[in-house]
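Me: I've got a chain open in the viewer and want to talk it through with you. Shall we go piece by piece?

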Amino acid sequence: MRYSQVFPKTLREAPKEAVTANHKLLVRAGFIDQLMAGSWTLLPLGWRVVTKINQIIREEMNAIGCQEMLMPLLHPKEIWNQTGRWEAADEVMYKLKDTRGRDFVLSFTHEEIVMDLMKKHIRSYKDLPLNVYHFSTKFRNELRAQGGILRGREFLMKDAYSLHESEEDLMIWYEKYKQAYLKIFERIGLDVYVTEASGGVFTDKHTHEFQVEAEAGEDTIYIKPGTKEGYNKEVFEGDVKQFDVKRCIEVGNIFPLGKMYSEKMGASFIDRDGSKNPIWFGSYGIGPTRVMGTIIEVSHDDRGIIWPKSVAPFQAHLVDLKNGEEIYEKLTDAGIEVLWDDTDRPAGQKFADVDLIGVPVRLVVSEKTLRQAQGKQIEWKERASDKTELLSLEEVVERMKK
Ligand code: ATP
Ligand code: MG
């Protein structure tokens with residue numbers, strides 16, 4: 001893509017009220033824009049990153065046999081009344097009435113909606129296990145929507161739901177989801193701790209959270225030294241001295257919900273022995289927009305963002321001080337996602353934008369590099385390093401494909 005076409009352009013200053021790195025850098029670099037507190041537009045660059053995060057999540061969900069679908073966001077009160085959460089989760093819900101006085105809520109999660117759907121379709125143990133997921137917007141009346149894109153009142157979530165004939169089967173799948181989540185965070189380049197936590201408005205059982213150490217985090221966790229596991233402060237009992245205390249951002253949460261939802265909503269199946277039993281249930285959430293913000297919190301310097309390769313908006317940022325167009329075309333034809341600064345701005349401004357936007361590799365073509373012997377006419381520099389090298393076009397393509 002040509003930088004002259006990118007909307008919008010970078011900003012010199014961060015918003016005055018911005019405190020966190022993700023807020024300052026994502027806004028300055030043109031990835032997100034704020035409509036009001038807790039409400040963000042994902043601009044073209046931001047949407048490219050979130051699309052890549054979503055694709056990694058999608059691949060790992062599909063790999064364990066979870067099927068993608070899409071559920072509605074406007075929900076009738078009657079369904080939420082069946083579990084009592086119309087009242088119990090009142091604080092987080094955005095409720096509204098239509099002109100005929102009927103009550104609705106904007107989705108803050110989907111357990112009741114999934115259970116209502118499954119009630120209509122699941123008959124016997126032969127229909128189980130069943131695993132579905134979707135990517136959709138969640139609305140939550142967060143009291144303090146702060147920390148940039150980390151805490152929205154409207155945000156993206158991938159939520160998955162699993163249905164089972166027994167607790168044993170639920171726990172087998174719960175472990176599959178846990179492993180899939182670990183793979184997802186590894187591919188995204190986030191180092192996670194897995195902590196036992198409370199179930200909030202979802203369940204009275206313990207759940208597992210995926211936590212990333214960062215100053216901007218709002219959670220305190222206790223980690224068993226030498227391991228990647230521990231407890232969220234909210235459920236911790238014991239001697240703090242035995243643990244490493246860390247401040248973290250919660251990026252994912254999995255819930256072994258049990259039978260509460262199916263019992264209250266009358267969702268049952270005919271078991272192997274002919275008896276009618278409630279369905280066992282689990283749910284599994286990751287917030288792709290919070291994940292994007294978390295990456296910035298753990299991967300930036302004073303010049304800008306440092307994207308991991310797997311989710312970077314482009315693979316290379318080409319700065320053209322002479323004859324760049326031909327190289328841009330050739331790299332693009334080779335299937336590489338290149339951002340080409342085709343503007344006639346001073347080199348210093350172009351380089352500053354490269355570091356701010358944070359694409360993993362900077363390529364420079366200049367009078368000097370074009371004079372190099374053996375066709376090694378492109379300067380290669382990685383965002384996370386100061387080392388520069390001269391490479392041929394073929395060598396650049398080869399390295400990019402690794
Ligand atoms: P928190 O404790 O931070 O409020 P939560 O425990 O209420 O989050 P869950 O219901 O577990 O959140 O949601 C699953 C995932 O969705 C979270 O792990 C997080 O990645 C994301 N998420 C939750 N709330 C928000 C939010 N307000 N803005 C952005 N992402 C969110
Ligand atoms: Mg949670």
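Me: Which residue in E23 is the bridge partner of Glu-379?
Reply: This is a predicted model, so take it all in that spirit. Glu-379 belongs to the stretch 378–382, which is strand E22, and 4 bridges join that strand to E23 in the antiparallel sense. Across in E23, the partner of Glu-379 is Leu-390.

Me: And in what order do the strands of that open sheet come?
Reply: There are 5 strands in it, with mixed pairing. Strands E20 (338–341) and E23 (388–391) have a single partner strand each, so they stand at the edges and one side of each lacks a neighbour in the sheet. On average, neighbouring strands are turned by 25 degrees against each other, direction ignored. The order reads E20-E19-E21-E22-E23.

Me: Helix H9 lies across several of those strands; at about what angle does it run to E20?
Reply: H9 covers residues 324–333 and lies across E19 (316–320), E20, E21 (361–365) and E22. Its direction relative to E20 is about 170 degrees.

Me: What about H10, which strands does that helix touch?
Reply: H10 takes in residues 347–357 and packs on the sheet. Its direction makes about 175 degrees with that of E19. The strands touched by H10 are E19, E20 and E21.

Me: Is Ser-366 buried or exposed?
Reply: Ser-366 sits in the loop between E21 and helix H11 (367–370). Setting aside residues up to four places away in sequence, Ser-366 touches Leu-321 and Lys-322. The cut-off for buried is under 20% relative accessible area. Ser-366 comes in at 12%, so it counts as buried.

Me: Over at E1 and E2, which residue in the turn has a positive phi?
Reply: E1 (residues 32–36) and E2 (residues 39–42) pair antiparallel over 4 bridges, and one partnership there is Gln-34 with Trp-40 in E2. The two strands make a hairpin with 2 residues between them. The residue with the positive phi, about 75 degrees, is Gly-38.

Me: I also noticed a cis peptide bond between Leu-128 and Pro-129; what is omega there?
Reply: Pro-129 is in the loop between helix H5 (111–121) and strand E7 (130–139). Another cis bond runs from Phe-7 to Pro-8, with omega near -15 degrees, and Pro-8 lies in the segment before helix H1 (21–28). For Leu-128 and Pro-129, omega is about -5 degrees.

Me: Which residues is Asn-54 in contact with, leaving aside neighbours within four places in sequence?
Reply: Asn-54 is in helix H2 (residues 44–63). Its relative accessible area is 7%, so it is buried. Leu-150 is 96 residues away in sequence and 16 Å away in space, C-alpha to C-alpha. The contacts of Asn-54 are Phe-135, Leu-156 and Pro-288.

Me: Zooming out, what percentage of the residues in the chain is buried?
Reply: The secondary structure comes to 12 helices and 23 strands, and the C-alpha trace spans about 80 × 50 × 45 Å along its principal axes. The chain exposes about 18900 Å², with carbon and sulfur atoms supplying 49% of that. Of the 402 residues, the buried share is 52%.

Me: Last one: how many Å apart are the mean positions of the positive and negative charges?
Reply: The chain has 57 positive and 64 negative charges. Their mean positions are apart by 2 Å.

How values were computed:
Residues numbered from 1 in each chain as written. Chains lettered and ligands numbered in written order. Predicted model: local features only at pLDDT ≥ 70, side-chain atom pairs only at ≥ 80, totals over all residues. Heavy atoms only, no water. Buried < 20%, exposed > 50% of the residue type's maximum accessible area, 1.4 Å probe, protein only. Areas by Shrake-Rupley, 256 points an atom, 1.4 Å probe, with all protein chains shown as cover. Lys, Arg positive; Asp, Glu negative; His and termini not counted. Charge placed at Lys NZ, Arg CZ, Asp CG, Glu CD. Pairing = 2+ DSSP bridges. Axes fitted to C-alpha atoms, helices over the stretch in contact; angles between N-to-C directions. Contact = heavy atoms within 4.5 Å.
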